Amino acid sequence: MPIDPTSAEACLSATPGLPQGFVWGTATAAYQIEGAWNEAGKGESIWDRFAHTPGKIKNGDTGDVAVDHYHRYKEDVRLMKEIGAKAYRFSISWPRIFPDGTGAANPQGLAFYDRLVDELIANGIAPYATLYHWDLPQALQDRWGGWESRDTAKAFADYAGYLTEKLSDRVRHFFTINEFTTFVEWGHGTGLLAPGLKLPPARLNQVRHHAVLAHGLAVRAIRERAAPGTKIGLAENIVAGVPVIETAEHIAAAERYTREINAGYLTVMLEGRYTDAFLKSAGADAPKFTGEDLEIIKSPLDFVGINVYVPKYVRATQSAPGYEVLEFSKSHPRMASFWHMIGPEALYWAPHHLMKLWNVKDIYITENGCGAADEPAADGTVTDSDRIMFQRNYLTQLRRATSEGVPVRGYFHWSLMDNFEWSAGFGTRFGLIHVDYATLKRTPKLSASFFRTVAAENRVV
Ligand code: PNW
């Protein structure tokens, strides 16, 4: 008997869910939540130094205390469980483990992540660890100029090998580096993020190269030292071309654009070569590299993670290079961050490009979410209908991808809770859980209920 189209049953049964076994998680990063910036033997990071420099962060905010997760991790794990997350992507602070960047490890640093991982597992939450989410030991910035030096890439691999040897009995998924594009371009090009450099093109290209080289060296070190079967990937904010009109010619243009615009990052890591156009446009400023570097950089991965927030609308052109990126119109809807143009289709096209361009077989959405105003009502609740609107529309596009066979295995919402949003300080809130920064009280927002239902029913609700 046909279902009555006016019934709730019809609304609920018409659309398919996500694939069976799909992983629903939330994400954070060490500097944004931990605090305890100089406790238990931790060394200074470039983010400590940057945030302590007057004028760098909105309102002079710092991550010194952040949301005090270092001391409140048990409560936070309990909240994760309460909102139905089955996986947690967090990052490890390199200067907690190696206060000097290299040399002697700090056992108290490792002990914190041991406690966290055990707590997660005891609560049925799978840990997914990121090894670098931008908090380079300041000692390496001082000693070698940080990512300007190849030695930093080698030190990263040593740290990665050490850490995964210690944790891989319980942590089965590791991401080497989070958002190559953001920390390189904004940390070393525009100067908006730590270490706040504005390097000329040749030196900036060398930083780009050292970042992808560090990734490749780390993959090899992890394979040597971690427990057998440990899964390794990366988490990059792919610049995703979205065909402004979905016809074959514009789709092809968006694919060409995506491969070129990511040339210094995903493309070289997945293909093992810099594209001709990339090298040509860099000219004399091109990075210095060897063939062996490229072999290392393209070390095989178990999965690719992508952080997806914004679209780049692309259309085909008659003239070279065959594509054109459209400017956003002034009225294009955006979320609270100045850069956050809304484009749910990005969550369809970004994984689609990974599958089509590079034949990636296992994809994770390692971040997606938005900043919103989130003003608590008199009773303390936060009814963030705009975040729910954002999630529903992006997830609908993700489901479109999985139902067509794009191999996305999981989704991590950014973020579990409000936190230190880099140079925007505490002003921009990304959490499913509200944090009162005066009292550090945590309160799940309405979007946390939305997330819990999505995760429990494994479909977009
Ligand atoms: C990511 N953009 O940064 C980071 O991985 C997180 O640490 C951060 O808190 C989160 O997204 C929200 O900003 C981004 O310009 C920075 O498109 C910039 C962009 C995207 C992500």
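Visitor: What makes up the lining of the largest pocket, by class?
Guide: The lining has 27 nonpolar, 14 polar and eight charged residues. The classes are fixed: Ala, Val, Leu, Ile, Met, Phe, Trp, Tyr, Cys and Pro are nonpolar, Asp, Glu, Lys and Arg are charged, and the others, Gly among them, are polar. This is a predicted model, where local features need pLDDT of at least 70 and side-chain atom pairs pLDDT 80 or more, while totals for chains, interfaces and linings use all residues. Residues are numbered from 1 along each chain as its sequence is written, and side-chain values use heavy atoms, without hydrogens and water.

Visitor: Why is this space called a pocket and not a cavity?
Guide: The grid decides. On a 1 Å grid over the protein atoms alone, a pocket is an open set of points with protein on both sides within 12 Å along at least five of seven lines; in a cavity, a 1.4 Å probe fits but cannot get out. Lining residues have an atom within 4 Å of a point. The largest pocket holds about 1200 Å³, a volume being the space filled by probe spheres set on points joined across faces, edges and corners.

Visitor: Which residues sit closest to its centre?
Guide: Thr182, Trp186, Asn237, Val310 and Trp339, out of 49 that line the largest pocket. Helices H9 (180-188), H10 (201-225), H11 (248-261), H12 (263-271) and H13 (276-282) each supply at least two lining residues. Helices are DSSP runs of H or I with at least four residues, strands are E runs of at least two, both numbered from the N terminus.

Visitor: What lines the second largest pocket?
Guide: Its volume is about 150 Å³. Among its lining residues are Leu270, Phe303, Trp358 and Asp362. The lining divides into six nonpolar, one polar and three charged residues.

Visitor: How many cavities of 30 Å³ or more are there?
Guide: Two. The largest has about 70 Å³, the second largest about 30 Å³. The largest is lined by three nonpolar, four polar and five charged residues, including Trp37, Lys42, Asp48 and Arg96. The second has six nonpolar, three polar and one charged. Strand S2 (87-91) and helix H2 (30-33) each give at least two residues there, and S2 gives the most, with three.

Visitor: What makes the sheet a barrel?
Guide: Eight strands close up in the order S1-S2-S3-S4-S5-S7-S10-S11, with parallel pairing. Neighbouring strands are turned by 25° on average, direction ignored.

Visitor: How do you know that S7 and S10 pair?
Guide: Pairing takes at least two DSSP bridges. Strands S7 (304-307) and S10 (363-368) have four and run parallel, so they pass. Ile306 stands opposite Ile365 in S10.

Visitor: Why are H16 and H17 called roughly parallel?
Guide: Helices H16 (385-403) and H17 (446-457) pack at about 25°, with axes 9 Å apart. Axes are lines fitted to C-alpha atoms, for helices over the stretch in contact, and angles run from 0 to 180 degrees between N-to-C directions. Under 35 degrees counts as roughly parallel. H16 and H17 are therefore roughly parallel. Contact, meaning heavy atoms within 4.5 Å, involves Ile388 and Leu395 of H16 and Phe450 and Phe451 of H17, among others. Six of the contact residues are nonpolar, two polar and two charged.

Visitor: Where does H17 meet the strands?
Guide: H17 lies across S1 (23-27) and S11 (408-414), at about 150° to S1.

Key:
Parallel < 35°, antiparallel > 145°, perpendicular 65-115°, else oblique.
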